[in-house]
Amino acid sequence: MKKYFTLTACLILASVAMMAQQAVNWSFKLTGDKTENPAIVMTADIGTGYHLFSTDNPPGGSNPMEFFFETKGCTLDGKPTADKAYTKQFDEIFEVDQHFYTGKVTFTQKLKPTAKDFSVNVEIKGQVCDDKGCIPVFASHFFAGSAIVPASTPAPAEKEADKAKKEEEKAVQEIVAMTDSLQEAEAPLTPAANLSGVDAADHSWWDNVEAELRVFSDAPDQQSRSLWYIFLAGFIGGLIALVTPCVWPMIPMTVSFFLKQNKTKRKSVITASVYGLSIIVIYVGLGLVVTALFGASALNELATSALFNIIFFLLLVVFAISFMGGFELTLPASWTNKMDSKVDATTGYLSIFFMAFTLVLVSFSCTGPIIGTLLVEAAATSNFISPAIGMLGFALALALPFSIFAMFPTMLKSMPKSGGWMNTVKVVLGFLELALALKFLSVADLAYGWRILDREVFLALWIVIFGLLGVYLLGKLRFPHDDEVEKVSVPRFMLACISLAFAVYMIPGLWGAPLKSISAFSPPISTQDFSLYEGDVHAQTDDFEEGMRLAKQLGKPVLVDFSGYGCVNCRKMEAAVWTDQGVKASIDNDFVLITLMVDEKKSLPEPIKVTEKDGTQRTLRTYGDKWSYLQRSKFGANAQPFHVIIDNEGKPLAPAFVYNEDIPAYKRFLNQGIENYKKEK
């Protein structure tokens, strides 16, 4: 059975763009102005993939939506009503029924006028979540209008003394308001000056440090490290592609052609080098086309998209079956025939370029899965040139042998001959593709909450896959195109031992062992139903100022963890990263950990009015409001989880760390903070 896949179709499947959308947009409207029945209408346009939780979301779930009204000249007639019913769905992580809205929903609040002119200031707070994290919701609007006061509801009679007292209080309030406005005009209050619990000497803890964070985030060593990683991944992928049946036999054939066509060795070397450069140009051009079409940010969205991960899972399963001999994947014969005709119709270096293009097309069935996987890794780096750098490494490894053997033709005699060993390479790649496919399915499983691929199920499948790979390498398992294995070579035996040992290594994970080496691939430990592993991290305090004072006394840097009770990804990261013994030891011994819950409902001693960067006035009523405002005003961030390391003056010591279950990356994050703190001392 043959299935034809075009290169363009493969790229489209590997590059489905999931464009970023704003979590929720609010619009406001006043209806019934100058009537007896005014009302305010508040419409939430919720971004695709997001859930806005209702006002009656049960305790223990995500942060419910709240409406706050300040009225003058009117009263509220009932509560805000929605134009549609919310969705009710059981959340297995929080073990409650979550109530949420999707798409567009409109809330209407009716008013009862008590005076001809009225005004209403509304504030909306809540939480919106998608499969990548949760974001606090805040919106506010000021309404002013006029109304007809119903004759049947005249204002109650008041005693003259009460009237005089109210008029006096009103005059005092107006004087106080005038004084406050003059003071604000002369010396605008800093965020810290508005907040209770912050001593005058500690105002700097609240200073904005976005510029300092950008310095860390834009550090060239971090960018170069990620680009080197992508380049090396591409180079290794190219080396693997070399020993596949689609490429390996082409090396001696092509080099022999160059040697026979050219009379001098120098000319042969030049021709082979041009051939190699053509391969590099084609693949680098492919990487540039991908980023030019979709952009780096869209590629990063793509790499974390549940839909894309399902598509790529299916694609890798198809490739794995093909590698194992289920069927053959080839491009349409018309493509290669057209390239052959171009080679015959052109001369010089242009014909060499078309020869290289023919190799790219012919070898697609072996190189396609490697290229697709490489593009996904490049997309996750959020760097515009990463796909091109990855393709450069891949093409360089693929092109080098043609130039090297042209320079040293006698080496062709020492090349291993084509044979059954190349099919073994394909089958081994099929096993690896199948294992990698489960990783992509796991991402989608977590996003949609299917719970069909929990950690123990994932590990069981990997144990079986790598166990069977070891059995295959020992010659005890055969696929359609395999030759019979009479004797097992030493390299094959060693690879079998490695595969079987890896399968045995994963077995304790079925009972909760962390398995640090595969934590970036396996689902978080929180998805495991049964675990004997104990070891979690506890914050020293849940108050920012208290934690800063404690860190100053102990002479330690501060690790600030912006989290939330309703933040699913916060729980995932704590379970997947903080359970690592090295991470736990570093946090417990080297830092003062402050965990700030942005959806904390505990009320502040008194409400605090603050001004956002965009000039919006907001009232902080709970500690959750305060910590959310701290995250926005100081660090310029609004999503959780959000981890940042700061010194005793509140200055950052490392780039912020957002949702990522990469344990080695988190350790580098902690070590960088410790090293920079020691340098300051």
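## Aromatic neighbours around helix α21

Tyrosine 666 and phenylalanine 669 both belong to helix α21, where three residues, or about one turn of the helix, separate them. The model discussed here is a predicted one. An α-helix has 3.6 residues a turn, so residues three or four places apart point the same way.

Helix α21 itself runs over residues 663–680, and because each residue should contribute 1.5 Å, its 18 residues are expected to span 26 Å, which agrees with the 26 Å that separates its end C-alpha atoms. Several residues of α21 are buried, among them Ile663, Ala665, Leu670, Gly673 and Tyr677.

Which kind of aromatic pair do tyrosine 666 and phenylalanine 657 form? A search of the whole structure finds 27 aromatic pairs. In the pair of phenylalanine 657 and tyrosine 666, the ring centres are 4.9 Å apart and the planes meet at 85 degrees, so this pair is edge-to-face, since the angle is over 60 degrees. Tyrosine 666 also pairs with phenylalanine 669, and here the arrangement is tilted, with 5.3 Å from centre to centre and 55 degrees between the planes.

How exposed or buried are the residues of these two pairs? Each of the three counts as buried because its relative accessible area is under 20%, as the table sets out.

| Residue | Relative accessible area | Class |
|---|---|---|
| Phenylalanine 657 | 9% | buried |
| Tyrosine 666 | 0% | buried |
| Phenylalanine 669 | 4% | buried |

Elsewhere in the model, aromatic residues also come together in a group: Trp26, Phe28, Phe67, Phe69, Tyr86, Tyr101, Phe107 and Phe143 form one aromatic cluster.

Aromatic rings can also be found beneath charged side chains. The charged end of arginine 621 sits over the ring of phenylalanine 68, at 4.1 Å from the ring's centre, while arginine 492 lies over the face of tyrosine 472, at 5.5 Å from the centre of that ring.

A last residue to look at is lysine 34, which is found in the loop between strand β2 (24–31) and strand β3 (39–46). Lysine 34 has a positive phi of about 65 degrees, although it is not a glycine. Is lysine 34 buried or exposed? With a relative accessibility of 59%, lysine 34 counts as exposed, because this value is over 50%.

Key. Residues are numbered from 1 along each chain as its sequence is written. This is a predicted model: local features need pLDDT of at least 70, side-chain atom pairs count only at pLDDT 80 or more; totals for chains, interfaces and linings use all residues. Side-chain values use heavy atoms; hydrogens and water are left out. Helices (H or I, at least four residues) and strands (E, at least two) are DSSP runs, numbered from the N terminus. The expected span of a helix is 1.5 Å times one less than its number of residues. Buried means under 20% relative accessible area, exposed over 50%, partly exposed in between (1.4 Å probe, protein chains only). Rings of Phe, Tyr and Trp (its six-membered ring) pair if their centres lie within 6.5 Å; planes under 30 degrees apart count as stacked, over 60 as edge-to-face and the rest as tilted. A charge sits over a ring if NZ of Lys or CZ of Arg is within 6 Å of the ring centre and within 35 degrees of the ring normal.
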